[in-house]
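Let's take a friendly walk through a protein model together. Have a look at the structure below, and then we will go from one residue out to the whole fold.

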Amino acid sequence: MLRTSPLPIIATLFFAAIALAFAGVPSAFALKKAVVGPVTLEVPDDFKEVAGAETPTIRQDASGITVEVSELPPEALEEFRGQPFLDFLASLKYTNAAYATGALNRRDTYSYVLADAVGAKGPESRFLLIIGDSKRAAIITAYAPKSEIDNGHATRAAIEAILSSAAILPAGAAKR
């Protein structure tokens, strides 16, 4: 019987496992800073601006992850906390809305809510981040179709990495 070294087989299995681990993460290593309205975000380099959107929006076609940003009056930082904000989301037909305190890798004060909603293409998972200070505030809504989350093309970890990188630009620095 001919004996061969197991190293080529082990190496092949190792690289196949790595390839599978990153199959649903397009451009996982190539990040860019994107300016979306009054906010900067670090996103994979295949995120593109959505032309014709009512609010500043970027999207990654491979995952279906979409990020919309709207400027808020700074007073909204307090108004967008607690049960009244969850009730407001319910009035917009969001379901299962709940605060996810501490879920993001951020050092500033923020509010973060996870919810479900029905978008133009069906059920979606929504991730709402409210950030800002006494001068400027914004709400960042990231979402992905539940089907893309279920099949692994979009993940909560990928969305939360984007939201963790969000920073408010100084007044007058916003770009659409």
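## Starting with one residue

T40 is buried, because its relative accessible area is 12%, and buried means under 20%. Please keep in mind that this is a predicted model. T40 belongs to strand β2. Setting aside residues up to four places away in sequence, T40 touches A34, V35, S165, A166, A167 and L169.

Another residue to find in strand β2 is V43. V43 counts as buried too, since its relative accessibility is 0% and the limit is 20%. Apart from neighbours within four places in sequence, V43 makes contact with A30, L31, K32, A34, I58 and I162. One of these partners, I58, is 15 residues away from V43 along the chain, and the C-alpha atoms of the two are 9.6 Å apart.

## The sheet of three strands

Which strands make up the open sheet of three? The order is β1-β2-β10, and the pairing is antiparallel. Edge positions go to β1 (31–36) and β10 (167–168), which have a single partner strand each, so one side of each is left without a neighbour in the sheet. Here is a general idea to help you picture this: strands of a sheet pair through backbone hydrogen bonds, either parallel or antiparallel.

Now zoom in on β1 and β2, where β2 covers residues 39–44. Six bridges link these two strands in the antiparallel sense. You can trace the pairing residue by residue: V36 has V39 in β2 as its bridge partner, while A34 has L41 in β2. The two strands form a hairpin with two residues between them. In the turn, G37 has a positive phi of about 60 degrees.

## The sheet of seven strands

A further open sheet has seven strands, in the order β3-β4-β5-β9-β8-β7-β6, again with antiparallel pairing. At its edges stand β3 (48–49) and β6 (95–99); each has a single partner strand, so one side of each lacks a neighbour in the sheet. The partner strand β7 spans residues 111–119, and three bridges hold the antiparallel pairing of β6 with β7. Across from T95 you will find D116 in β7.

Helix α3 lies across β6, β7, β8 and β9. The angle between α3 and β6 is about 155 degrees.

## A closer look at β9

How many residues of β9 are buried? Nine of its nine residues are, so this strand is mostly covered, given that buried means under 20% relative accessible area. A useful general rule is that in a regular strand the side chains alternate between the two faces of the sheet. In β9, one way is taken by A137, I139, T141, Y143 and P145, and the other way by A138, I140, A142 and A144.

β9 has partners that you can follow in the model. With β5, β9 pairs antiparallel over seven bridges, and T66 has Y143 in β9 as its bridge partner. With β8, β9 shares nine bridges, also running antiparallel. Here I130 has I139 in β9 as its bridge partner. The link from β8 to β9 is a hairpin through four residues.

## The largest pocket

The largest pocket holds about 420 Å³ of space. Its lining consists of 26 residues, and T66, E68, E124, R126 and Y143 are the ones nearest its centre. You have already met T66 and Y143 as bridge partners.

Which elements supply at least two residues each to this lining? They are β4 (57–59), β5 (66–72), α3 (83–91), β8 (122–132) and β9 (137–145). The largest share, five residues, comes from β5. Sorted by class, the lining has 14 nonpolar, seven polar and five charged residues.

## Stepping back

Finally, let's view the whole protein. Its secondary structure comes to five helices and 10 strands. Of its 176 residues, 39% count as buried. Among contacts with a separation of 6 or more, 49% are between residues 24 or more positions apart.

Definitions and conventions:
Residues numbered from 1 in each chain as written. Predicted model: local features only at pLDDT ≥ 70, side-chain atom pairs only at ≥ 80, totals over all residues. Heavy atoms only, no water. 1 Å grid on protein atoms, 1.4 Å probe; cavity = no way out; pocket = protein on both sides within 12 Å on 5 of 7 lines; lining within 4 Å. Points joined across faces, edges and corners; volume = space filled by probe spheres on them. Nonpolar A, V, L, I, M, F, W, Y, C, P; charged D, E, K, R; others polar. Pairing = 2+ DSSP bridges. Contact = heavy atoms within 4.5 Å. Axes fitted to C-alpha atoms, helices over the stretch in contact; angles between N-to-C directions. Buried < 20%, exposed > 50% of the residue type's maximum accessible area, 1.4 Å probe, protein only.
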